[in-house]
Amino acid sequence: MRLGNISIRDFRNYETLSLAFSPEVNLIVGDNAQGKTNLIEAIGYLGSGKSFRAQKTSELVRLGAEFAEISGSVFSQERQQTLRWVLFPGGRPRQLYGNGVKKKTAGEISGILQTVLFCPEDLMVLKTGASPRRRLADHALCQLRPNYEAALSEYNRILEQKSRILKDRFENPALLEILPEYNTRLCQVGALLISYRARFFEGLGKAASVYHSQFSGGKEDFSLQYHTVSTVKDPFAPIPVLAEALQNHLESHYRAEIESMQCLTGPHKDDFDVSLSGLSVKTFGSQGQVRTAAISLKLAQRELMQRESGEMPVLLLDDVLSELDPGRQDFILNQITGGQVFITCCEPGRFTKLGKTIEISNGKTV
């Protein structure tokens, strides 16, 4: 799997940009705030329809532009393919084309251009709150399992509707009569999410433990623990069993949710924790241990995606090497062989021997 070229119009700070890439390492250099991360973001968006920085599509369109466009040629699934996104400010729906044919959802291009992103924020993801860790897992699972993305979208939609009912119930008490219907559907879809996540985290933990063992010289035992609602005793149980467990948990929180006007329980509160030799990284890990564990997770994610598709996903390293000591830099660089890699860096002389160098200045190539 490799991205041959990309064309960008009115995306972030880029007015127009066309680039051809090396099938191996591409080093994107330049000063801060010139557009290096914007290019990485465009590559990731091309394959997934998701931004790792923006919540709204309108944020991606250059100020004053009528629309933004990202298109590229990808060699994937043993053939040459094209992807194209057209993004609009305001509420107008975006447009997606795969091989020249208009598509309805990003799920229809799943697997054509898979990417694994590693940015400075990911280095400390194990120390932060649960939300960034859920996003990490959700982004990976949406690429691995198109059905997961559909379930996640439906769950979030129902959750938003339920939240509106809880907030509006004082003005319209009759809304509470339909609340059980929303809870039932939330439990059915939530059970799917838990089932997918449990299997993903099992595979991720096993693969990451191998990388971490290599990283630490076998001195630390890496383990990953998935946490969901307390009534789910076995996340690998059949879907109906999981749904029943979620329903029991929701019923026990029914009065509290009404009084607080908030959705207090469900898979939207899920989390995972990493332990090294039995000690939680979040609570007891040093900065070096946290970063090493995070690197192991990202490399494990890439391996799982390769196993699933038979192709190595594109690796995006956004200014992450400058945040690491030389030993961790070397470990990452030793793992990037065999696939296409994009690395952003502010120090052009540091890694120029890696591959093709692209210099960016003020949204243009130098």
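**Exercise 1. State how much accessible surface the protein has, and which share of this surface belongs to carbon and sulfur atoms.**

Solution. In this predicted model, the accessible surface of the protein comes to about 16,900 Å², and carbon and sulfur atoms account for 48% of that area. Turning from the surface to burial, 52% of the 366 residues count as buried, where buried stands for a relative accessible area under 20%.

**Exercise 2. Decide whether the radius of gyration agrees or disagrees with that of a compact globule.**

Solution. Begin with the chain length: for 366 residues, a compact globule would have a radius of gyration near 21 Å. The protein has 22 Å, which agrees with that expectation. As for its extent along the principal axes, the C-alpha atoms fill a box of roughly 65 × 55 × 35 Å. Among contacts with a separation of 6 or more, 71% come from residues 24 or more positions apart.

**Exercise 3. Work out which strands stand at the edges of the sheet that holds β9, β10 and β11, and why one side of each is left without a neighbour.**

Solution. The protein has 10 helices and 15 strands, and 3 of the strands form an open sheet in the order β9-β10-β11 with antiparallel pairing. Strands β9 (222-227) and β11 (279-280) each have a single partner strand, so they stand at the edges and one side of each lacks a neighbour in the sheet. Looking at one pairing in detail, 6 bridges join β9 to the antiparallel strand β10, residues 271-276, and the bridge partner of F222 in β10 is L276.

How values were computed: Residues numbered from 1 in each chain as written. Predicted model: local features only at pLDDT ≥ 70, side-chain atom pairs only at ≥ 80, totals over all residues. Heavy atoms only, no water. Helix = DSSP H or I, 4+ residues; strand = E, 2+ residues; numbered from the N terminus. Rg over C-alpha atoms; globule rule 2.2 N^0.38 Å. Buried < 20%, exposed > 50% of the residue type's maximum accessible area, 1.4 Å probe, protein only. Contact = heavy atoms within 4.5 Å. Areas by Shrake-Rupley, 256 points an atom, 1.4 Å probe, with all protein chains shown as cover. Pairing = 2+ DSSP bridges.
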